[in-house]
Amino acid sequence: MSITHIHQAAEKRRSIYALNKQLPVPAADVVKTIEHAVKHTPSAFNSQSTRLVVLLGAEHEKLWQLAEQALAAIVPADKFQPTKDKLASFAAGAGTVLFFEDQTVVKGLQDKFPPYAENFPIWAEHADAMHQYAIWTALASINVGASLQHYNPVIDEAVARTWNVPASWKLRAQLVFGGIAAPAGEKSFEPVEARLKVYGL
């Protein structure tokens, strides 16, 4: 793969909110794409602490029904419709990837390497973020749209109960994916010069 291909993949990865259930590839290919990213995405100390649950079809829809129930309990009824509409747009997709960090792995590393103990939770978040980006970009490369959501901790208990998630797995994000019903809108960029400094070139 050339640097041009890497750049193109990065540019193609966008937040796609208008999703449908018509995936451009078989669902099994989506799962294989996710599996590859899980295997090859790096982590500090090779901790491999990121855990994922992939929900497809009715299981995916169930997630967003659970989210609606959880949010209905805390959002005033007269202000709930926008939230309900947003959740329905996620349910309209084909699937969701749930991202977790296994706290047992994090704690084990803290115990094994005390001088770095306070950093392992931070490094675990880095690993989780790299998995999110790797999978999101890989899905974009096969023309699967996606958007990253963060309904944790509101949905944590329902997710753990419904899908038998171990207590040590901490939910970090939800990547909704599906067919692209409408492209992403225009994206603005802050000047790179204000965000990057180079010395010695």
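In the predicted model, arginine 13 lies over the face of tryptophan 136, at a distance of 4.3 Å from the ring centre. Arginine 13 and tryptophan 136 both fall within residues 11-178, the span to which an unreviewed UniProt entry assigns the feature "domain: Nitroreductase". Helix accounts for 49% of this span and strand for 19%, and the C-alpha atoms at its two ends are 18 Å apart.

Aromatic contacts were examined next. Eleven aromatic pairs are present in the structure. One of them is formed by phenylalanine 90 and tyrosine 151 in an edge-to-face arrangement, with 6.1 Å between the ring centres and 70° between the planes. Phenylalanine 90 belongs to helix α4 (residues 81-91), whereas tyrosine 151 is in the loop between β4 (145-149) and α7 (156-162), so the pair ties together parts that are 61 residues apart in sequence. Phenylalanine 90 and tyrosine 151 are both buried. The loop that carries tyrosine 151 also contains proline 153. Proline 153 is joined to asparagine 152 by a cis peptide bond, for which omega is about 5°.

Ring pairs also link Phe45, Phe113, Tyr116, Phe120 and Trp123 into a cluster. Two members of this cluster, phenylalanine 120 and phenylalanine 45, were considered individually. Phenylalanine 120 is located in helix α6. With a relative accessibility of 4%, phenylalanine 120 is classed as buried, because the limit for this class is under 20%. Its C-alpha atom is separated by 34 Å from that of glutamine 69, a residue 51 positions away along the chain. Phenylalanine 45 is located in the loop between α2 and β2. The relative accessibility of phenylalanine 45 is 39%, and the residue counts as partly exposed. Phenylalanine 45 is not a glycine, yet its phi is positive, near 60°.

A search of the whole structure for cavities of 30 Å³ or more returned one. The largest cavity holds about 70 Å³ of space. Its lining consists of Ser43, Ala44, Ser47, Ser49, Val106, Leu109, Phe120, Trp123, Ala124 and Ala127. Helices α5 (103-112) and α6 (120-141) are the elements that give two or more residues to this lining. The largest share, four residues, is supplied by α6. In terms of residue class, seven of the lining residues are nonpolar and three are polar, while none is charged. Phe120 and Trp123 thus appear in the lining of the cavity as well as in the aromatic cluster.

Further positions relate segments that are separated along the chain. Proline 42 is in the loop between α2 (27-40) and β2 (50-56), and is partly exposed, with a relative accessible area of 48%. The C-alpha atoms of proline 42 and histidine 131 are 8.3 Å apart, although the two residues are separated by 89 residues in sequence. Isoleucine 6, in helix α1 (residues 3-12), is likewise partly exposed, with a relative accessible area of 43%. Between isoleucine 6 and serine 141 the C-alpha distance is 9.9 Å, and the separation in sequence is 135 residues.

A positive phi is also found at asparagine 143, another residue other than glycine, where the value is near 65°. Asparagine 143 is placed in the loop between α6 and β4. Its relative accessibility of 40% puts asparagine 143 in the partly exposed class.

Notes:
Residues are numbered from 1 along each chain as its sequence is written. This is a predicted model: local features need pLDDT of at least 70, side-chain atom pairs count only at pLDDT 80 or more; totals for chains, interfaces and linings use all residues. Side-chain values use heavy atoms; hydrogens and water are left out. UniProt positions are given in the numbering used here, feature names are shortened, and annotations may be inferred rather than shown by experiment. On a 1 Å grid over the protein atoms alone, a cavity is a set of points where a 1.4 Å probe fits but cannot get out, and a pocket is an open set with protein on both sides within 12 Å along at least five of seven lines; lining residues have an atom within 4 Å of a point. Grid points are joined across faces, edges and corners, and a volume is the space filled by probe spheres set on the points. Ala, Val, Leu, Ile, Met, Phe, Trp, Tyr, Cys and Pro count as nonpolar, Asp, Glu, Lys and Arg as charged, and the others, Gly among them, as polar. Rings of Phe, Tyr and Trp (its six-membered ring) pair if their centres lie within 6.5 Å; planes under 30 degrees apart count as stacked, over 60 as edge-to-face and the rest as tilted. Buried means under 20% relative accessible area, exposed over 50%, partly exposed in between (1.4 Å probe, protein chains only). A charge sits over a ring if NZ of Lys or CZ of Arg is within 6 Å of the ring centre and within 35 degrees of the ring normal.
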